[in-house]
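Subject: Structure handover

Hello,

Here is the structure for you to take over. My notes on what was found in it follow below.

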Amino acid sequence: MTEAVEQLRKILALERQRKFRDTAVVGGLDGYLLNFAQGSSLSPSHKITKILKSLPFGGYRSLHPIQRKRVVDELSAASENGIPPTPRTSEPKSPPPKPRKSTPVSKAKPKSPAKPAPQEIIGTLNSPVSVLPGITRAVEQKFAKIGVSSVRDLLYHFPTRYHDYSELRPIAELEPDGEQTVMGEIWSVGVKPIGRRRAAEAIIGDETGTLRAIWWGQPWVARRLRQGEKIALSGKVSHYRGRLQMDGPEIHDIDDESLRQRRLVPVYKSTDKLTQGMIRSAIQHALDNFAGRLTDPIPDAIRERFDLWASPDAIRQIHAPDSLEDAEAARNRFAFEELLFIEIGVVRRRREWESRGGAPALELPDETRDGFVRSLPFPLTGAQEKAIAAILANIGGGVAMNRLLEGDVGSGKTVVAAAALLAAVKSGYQGVIMAPTEILAEQHFRTFTSILDSKGHESPDGGVWFQETAEGYTALRPEYMDRPVKVALLTGRQKASEKAAVHDAISRGEVDIAVGTHALVQGAVEFDNLGLVVVDEQHRFGVAQRAALREKGVSPHVLVMTATPIPRTLALTVYGDLDITVLDEMPPGRPTVKTTRVLEKQRRQAWDFVKKKVDEGRQAYIICPLVEESDVIEAKAAVQEYERLSSDVFPELRLGLLHGRMTPKEKNATMRQFRDGELDILVSTAVVEVGIDVPNATVMLIEGADRFGLSQLHQFRGRVRRSSEQAYCLLLADDPTEEGKERLRILETVSDGFELAEEDLRIRGPGEYFGTRQSGMPDLRLAKLTDVSLIENTRREAGLLLDDDPMLEQPQHSELRSQVERLWGRITSEVS
């Protein structure tokens with residue numbers, strides 16, 4: 001009992017030192033004193049018991065600092081007299097906490113026990129993981145779920161992070177923002193409602209201080225923990241209201257061997273019922289028996305130039321590192337390897353494209369170009385002028401263009417594409433523009449028809465632009481062209497007879513410009529003389545679709561357009577086979593969208609603002625939260641939100657609904673209604689990200705804004721920056737994480753799409769950023785697309801390797817070729 005009394009005195013002294021602010025222990029002095037009284041089994045007549053009973057209903061916390069001082073003085077005096085021992089039959093309900101003082105923790109590593117000789121295993125790197133001890137058929141199936149089938153796969157199943165048991169720190173020495181491990185006693189544990197969620201919360205203490213641990217949305221964690229037990233936690237430390245906190249830390253048994261030996265322990269991506277212990281055991285067997293058999297794919301000269309470890313050494317250190325520095329060196333070696341394989345494929349693809357002969361020379365005479373520019377109802381921006389010049393220079397030679405045109409929504413990409421298509425038509429070739437949705441294809445058709453017809457062409461029904469002639473195309477007569485320009489629209493929703501007419505006109509060469517969706521790449525569509533392919537919003541199409549469209553011509557030029565700015569590192573990897581042209585200038589007279597985060601308590605004000613703008617004659621978008629589980633759940637949530645808004649919030653307004661589970665016909669009908677002003681508000685899921693041009697829509701309210709990435713949010717708000725009217729974007733987020741708050745803060749203050757793209761890539765990483773899935777590039781295990789230096793180095797080395805050995809046929813490149821082919825497919829043609 002002497003120790004408990006001594007701890008009480010120290011805590012009371014700390015409370016006095018902190019000016020009686022009730023901060024000596026996390027959770028306040030009331031809970032501590034109650035635990036102390038119960039744990040000490042004080043008699044009712046003891047002075048400390050009487051002091052506690054004399055406190056008001058609100059306890060110590062409710063007192064004025066002067067009153068608190070008196071209580072602390074009285075408790076200190078009572079504790080000086082000590083506490084007589086009391087017979088006990090059970091353990092105390094909780095151990096006494098400990099005051100905050102800093103004492104050194106030993107960092108010495110105990111000697112590891114001698115390891116038994118590894119069990120010899122018969123097999124190869126390509127053998128199934130079932131050759132390893134302890135991997136049954138059921139366990140093998142679990143490994144398959146995380147992409148591990150062979151021994152090689154297992155060795156390349158790299159840790160996502162490490163628990164650093166080598167430097168256990170006292171709580172008082174924890175540093176915010178770092179991944180750290182701490183050991184202590186559980187002072188209290190329970191489930192707390194926080195906002196709309198329930199969370200497990202525990203207060204952990206050691207001899208130097210206390211730490212709050214919280215597991216958001218995981219109330220069941222509280223059932224695993226017991227007040228008074230010792231545990232170790234690993235996680236990221238932060239400050240919350242001036243106190244240390246860990247969000248969602250991992251819980252460790254203090255008897256864990258790795259913890260006792262104070263070493264680094266890898267943490268792996270796993271799946272249900274495939275424990276970390278099972279993965280570590282399997283990998284250790286693989287290291288013992290197969291690591292030495294790895295053949296290094298990186299040539300010796302490159303390894304020496306960049307001071308990279310050999311593959312067997314690196315594979316051992318990445319799974320069982322001697323230090324964090326060694327783990328980082330191993331990760332850097334495999335990141336270099338990963339990017340080298342990618343860059344070899346990208347450089348080969350670019351050289352192969354450039355070596356293709358027969359590319360048509362497309363020219364747009366100066367007088368035609370000048371006439372086209374004069375016919376536009378607006379002046380070109382400087383960025384558009386430069387882009388048109390670069391593209392015309394590119395397609396005027398004998399090498400096929402493969403160019404990416406990027407710029408924010410409304411920057412004028414369509415006009416630039418129109419100039420390139422005119423060059424194709426003027427040179428006697430056909431052009432095609434492909435859009436990801438029917439409604440966007442129809443919008444392109446309307447825009448091109450309007451741009452190219454200097455007489456101000458109107459569709460006969462004043463609505464959707466379909467072909468006007470039995471031949472399957474619309475004939476336009478620009479004054480600057482010496483013959484009509486024939487434009488056709490082809491989508492999946494047209495009647496069979498309409499499609500047949502368009503197909504026939506395209507194949508006979510009567511159509512100059514074909515506009516459509518993926519229907520343009522289907523086998524039934526044959527082009528007579530295809531010279532230029534324009535693909536809009538390329539991340540909506542896969543590599544196979546783009547390649548199929550290229551094959552419709554001998555060697556057509558390709559222009560890819562996107563409204564999502566490409567960070568520089570993606571331009572060197574995912575889009576490394578394309579030249580890049582940037583439209584970094586918006587047409588004059590379009591003000592920046594005013595973007596504001598709206599708190600939950602301001603929701604009614606946000607709705608009132610939307611209604612006010614509609615009453616002024618404008619239209620609005622309301623974007624429903626992103627639901628990651630499935631588009632079925634997302635659609636259901638959107639329907640419920642639409643019904644609630646229609647009946648409870650905007651009963652007097654005309655609302656429409658758009659979500660991913662609707663048929664193309666339903667989507668097009670809704671978007672046409674909105675475009676034509678028949679709807680006041682469009683309630684939509686993320687499918688509106690690539691939508692139509694509705695200049696009258698000037699307000700966007702995004703629910704659950706913290707669930708979207710920065711680039712996607714920027715795309716959303718671009719929908720309302722389509723006119724000279726001031727536009728607004730309201731961001732609603734109930735209870736965002738720190739990362740979510742950071743994204744919203746950035747969006748409020750940054751309007752430049754390229755700066756946002758870099759931030760988005762930094763925050764979310766390549767796996768979530770658009771393009772990596774459909775670009776043909778694999779998910780990255782270790783490499784980071786934010787590492788410009790590493791990407792540039794591997795790109796340069798890839799070029800040098802292919803200069804020296806285009807087919808990677810030299811003996812020292814055999815393993816490198818094998819790995820590149822594993823990623824990109826068989827190397828069959830020489831490039832130079």
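To begin with one local feature, Arg333 sits over the face of Phe334, 5.1 Å from the centre of the ring. Please keep in mind throughout that this is a predicted model.

Aromatic residues

Phe334 also takes part in ring pairing. In total, the structure contains 8 aromatic pairs. In one of them, the ring centres of Tyr156 and Phe334 are 5.6 Å apart and the planes meet at 75 degrees; an angle over 60 counts as edge-to-face, so that is the class of this pair. The two partners come from distant parts of the chain, 178 residues apart: Tyr156 belongs to the loop between helix H6 (151-155) and strand S1 (161-164), while Phe334 belongs to helix H12 (residues 324-355). Tyr156 and Phe334 are both buried.

Another pair that involves H12 is formed by Phe306 and Phe336, and this one is tilted, with 5.0 Å from centre to centre and 45 degrees between the planes. Here too distant parts of the chain are linked: Phe306 is in the loop between helix H10 (300-305) and helix H11 (311-319), Phe336 is in helix H12, and 30 residues separate them. Which of the two is buried, and which is partly exposed? Phe336 has a relative accessibility of 1%, so this residue counts as buried. Phe306 has a relative accessible area of 23% and is therefore partly exposed, as the cut-off for buried is under 20%. Tyr156 and Phe334 appear again in an aromatic cluster, together with Phe158.

Two helices with much of their length covered

H11 follows the loop that holds Phe306. Of the 9 residues of H11, 7 are buried, and the helix is mostly covered. The buried residues in H11 are Ser311, Pro312, Ala314, Ile315, Gln317, Ile318 and His319. Among the elements that cover them are H6, S1, strand S8 (264-267), helix H9 (276-290) and H12.

Helix H15 (residues 413-426) has 14 residues, and its span from first to last C-alpha is 20 Å, close to the 20 Å expected at 1.5 Å a residue. Of these 14 residues, 13 are buried, so H15 is largely enclosed by the rest of the structure. Just after H15 comes Gly428, with a positive phi of about 90 degrees.

Positive phi outside glycine

Most residues other than glycine have a negative phi. Phe20 is not a glycine, yet its phi is positive, about 60 degrees. Phe20 is in the loop between helix H1 (2-17) and helix H2 (29-40), and with 10% relative accessibility it counts as buried. Leu808 is not a glycine either, and its phi is also positive, about 50 degrees. Leu808 is in the loop between helix H26 (788-804) and helix H27 (814-824); at 1% relative accessibility, Leu808 counts as buried.

Lysine and cysteines

Is Lys613, in helix H20 (residues 603-615), buried or exposed? Lys613 has a relative accessible area of 12%, so it falls under the 20% cut-off and is buried. Leaving aside residues up to four places away in sequence, Lys613 touches Arg618, Val699 and Tyr728.

How many disulfides does a search of the whole structure find? The search returns 0. Two cysteines to note are Cys624, buried at 3% relative accessibility, and Cys729, buried with a relative accessible area of 0%.

The chain as a whole

The chain has 832 residues, of which 53% count as buried. Its secondary structure consists of 27 helices and 22 strands. Among the contacts in the chain with a separation of 6 or more, 73% are between residues 24 or more positions apart.

Confidence

The average pLDDT of the chain is 81, and 82% of the residues score at least 70. Residues 85-114 have a pLDDT below 50; this stretch makes 66 contacts in the model beyond near neighbours in sequence. Residues 456-470 also have a pLDDT below 50, with 36 contacts in the model beyond near neighbours in sequence. Where pLDDT is low, the predicted coordinates should not be read in detail.

Regards

Methods:
Residues are numbered from 1 along each chain as its sequence is written. This is a predicted model: local features need pLDDT of at least 70, side-chain atom pairs count only at pLDDT 80 or more; totals for chains, interfaces and linings use all residues. Side-chain values use heavy atoms; hydrogens and water are left out. Helices (H or I, at least four residues) and strands (E, at least two) are DSSP runs, numbered from the N terminus. The expected span of a helix is 1.5 Å times one less than its number of residues. Buried means under 20% relative accessible area, exposed over 50%, partly exposed in between (1.4 Å probe, protein chains only). Rings of Phe, Tyr and Trp (its six-membered ring) pair if their centres lie within 6.5 Å; planes under 30 degrees apart count as stacked, over 60 as edge-to-face and the rest as tilted. A charge sits over a ring if NZ of Lys or CZ of Arg is within 6 Å of the ring centre and within 35 degrees of the ring normal. pLDDT is the predictor's confidence in each residue, from 0 to 100. Contact means heavy atoms within 4.5 Å. A disulfide is a pair of cysteine sulfur atoms within 2.5 Å.
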